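This report goes through one protein structure for a reader who has not met it before. Please look over the sequence and the model before reading on.

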Amino acid sequence: MMTSGMRTLARWGVAVAAVVGYVALHMVITAVGDLRAGERVRYVAALCWAVPAVLLLPPVLWLRRRRRAGAAELAALVDRFAPERAWWYRPVFLVLCGVGYVLLAGGLGGANAGRQKVGTMPLALSALLLVAGLVAMGAGVLLLRWARPRAARSAARALLADGRAPVLYLRSFADDATSARADDSGMAVNVHTREEEFAAALGAFGPMIAVGRPGEPLPLLGAARFYLPLDDWKPTVLQLMAASRLIVLRLGAGDGLWWEVGQAMATQPARKLVLLAEGDLAEVARRLDGYLPAPSRLVEAVGGARRASVVVTFGSDWAPRAYPVGPGTGVGPPAGRVRRAVRTMRSVYAEARLTSYTQYLVRAVARALGVGRIRRWRLGWRTVTARNGSWLKGYALFLAVGLVGWPVFRVLQLAGLG
């Protein structure tokens, strides 16, 4: 599998190659236009961009091939029982998703313009912008909620696109209804689910994959789904446990889930396992303690509250460490007056930025895994970006259309059609 460092290098290589190639294309088009107009052709400038673009292509293609080759075996494992789709199915719905993102972002811009320009433009025009913007936003939300599940990437595609060892997400199917809810706190409209935000954050470690509910017509959005037969799923889950970088287990009801807990503890290193416990912690702790050498003390970790959320990781001897999820849980014990004041100000600032349950959950996971400050920031940034993904993708599509449209317009001009 590809390492995180190699993947970062590959992504930067693709980005640099794309920028250099775009500028080279622009310079070549300009050179052709100068030649046709009888002006002095800037060959040197065109070559200075065209040559690096050509030289960057082989290493970029090599890195892409290495990424896909490293994940090919695991992708084949999860793709054995994938539902059959026509080749055009996902591209069509990706295009529809793009239209939805553009409608959402454009509608937001129009509605804001109509609201903010009251008094500086005719009232009728301001009202028209506001109504048109709201209608476009509504149409974009409806289109995205219909098209995005149909355009969801499968686990095999996610593994091939990323190349790193995955994060295996195991849970009871009964918890899907909660994870599939969109968290609208702090936002006017959010089409992204809690699980999508969580999967985006843990994408810092690897692509998050999960077993899909048998017989579901469409995959839920979040972890990339793969499907297994009801009578022969355990061997594949054990193989994926061994190949995964992290195993994230959301504790709940179901004998199959607790079989997975037992197998993870029996066959995998303690550092790979992350447990998410919600609801009646006393009952969860009772069942969990049967697998542990020491009591988990989940209720004590949340100050005696029976119903709460907690993240559990383990030391090398399987001694449990519990981290509560929620406001006020990210600050350590104060030591000294100055340090206490600084930590208080930092905690107040941090709490002001956290507006959703998933953000609190991601912060607790980061503390449980003991990641450094930079990676903690990356996890939080990924969560926020996922929440605002619809707007960001819409604006990015506007920019992409402009960048692609400009050379097309120049070529049409040269052809005498513009």
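What follows covers a sheet, a helix that packs on it, one residue in an edge strand, and a pair of helices.

The model is predicted: local features need pLDDT of at least 70, side-chain atom pairs count only at pLDDT 80 or more, and totals for chains, interfaces and linings use all residues. Residues are numbered from 1 along each chain as its sequence is written, and side-chain values use heavy atoms, with hydrogens and water left out.

**The sheet**

Seen in order, β3-β2-β1-β4-β5-β6-β7 make up an open sheet of 7 strands with mixed pairing. Strands (E, at least two residues) and helices (H or I, at least four) are DSSP runs numbered from the N terminus, and two strands pair if DSSP finds at least two bridges between them. β3 and β7 each have a single partner strand, so they stand at the edges and one side of each is left without a neighbour in the sheet. From one strand to the next the twist averages 25 degrees; angles run from 0 to 180 degrees between N-to-C directions, with axes fitted to C-alpha atoms, for helices over the stretch in contact.

The pairings at the two edges are set out below.

| Strands | Sense | Bridges | One bridge pair |
|---|---|---|---|
| β2 (residues 208-211) and β3 | parallel | 3 bridges | Val211 and Phe226 |
| β6 (residues 307-314) and β7 (residues 320-324) | antiparallel | 5 bridges | Val312 and Ala322 |

The hairpin of β6 and β7 has 5 residues between the strands, and Trp318 there takes a positive phi near 65 degrees.

Helix α8 (residues 234-243) packs on the sheet and touches β1, β2, β3 and β4, its direction making about 140 degrees with that of β1. Contact here means heavy atoms within 4.5 Å.

**Arg225**

Strand β3 contains Arg225. Is Arg225 buried or exposed? Its relative accessible area is 4%, so Arg225 is buried (under 20%; exposed is over 50%, partly exposed in between, with a 1.4 Å probe and protein chains only). Leaving out residues up to four places away in sequence, Arg225 touches residues including Arg153, Arg171, Asp176, Glu195 and Glu216.

**Helices α13 and α14**

The axes of α13 (residues 357-369) and α14 (residues 373-387) come within 10 Å and cross at roughly 160 degrees. That makes the two helices roughly antiparallel (over 145 degrees). On the α13 side, Thr358, Gln359, Val362 and Ala366 meet Arg376, Leu379, Thr383, Val384 and Arg387 in α14.

Key
Parallel < 35°, antiparallel > 145°, perpendicular 65-115°, else oblique.
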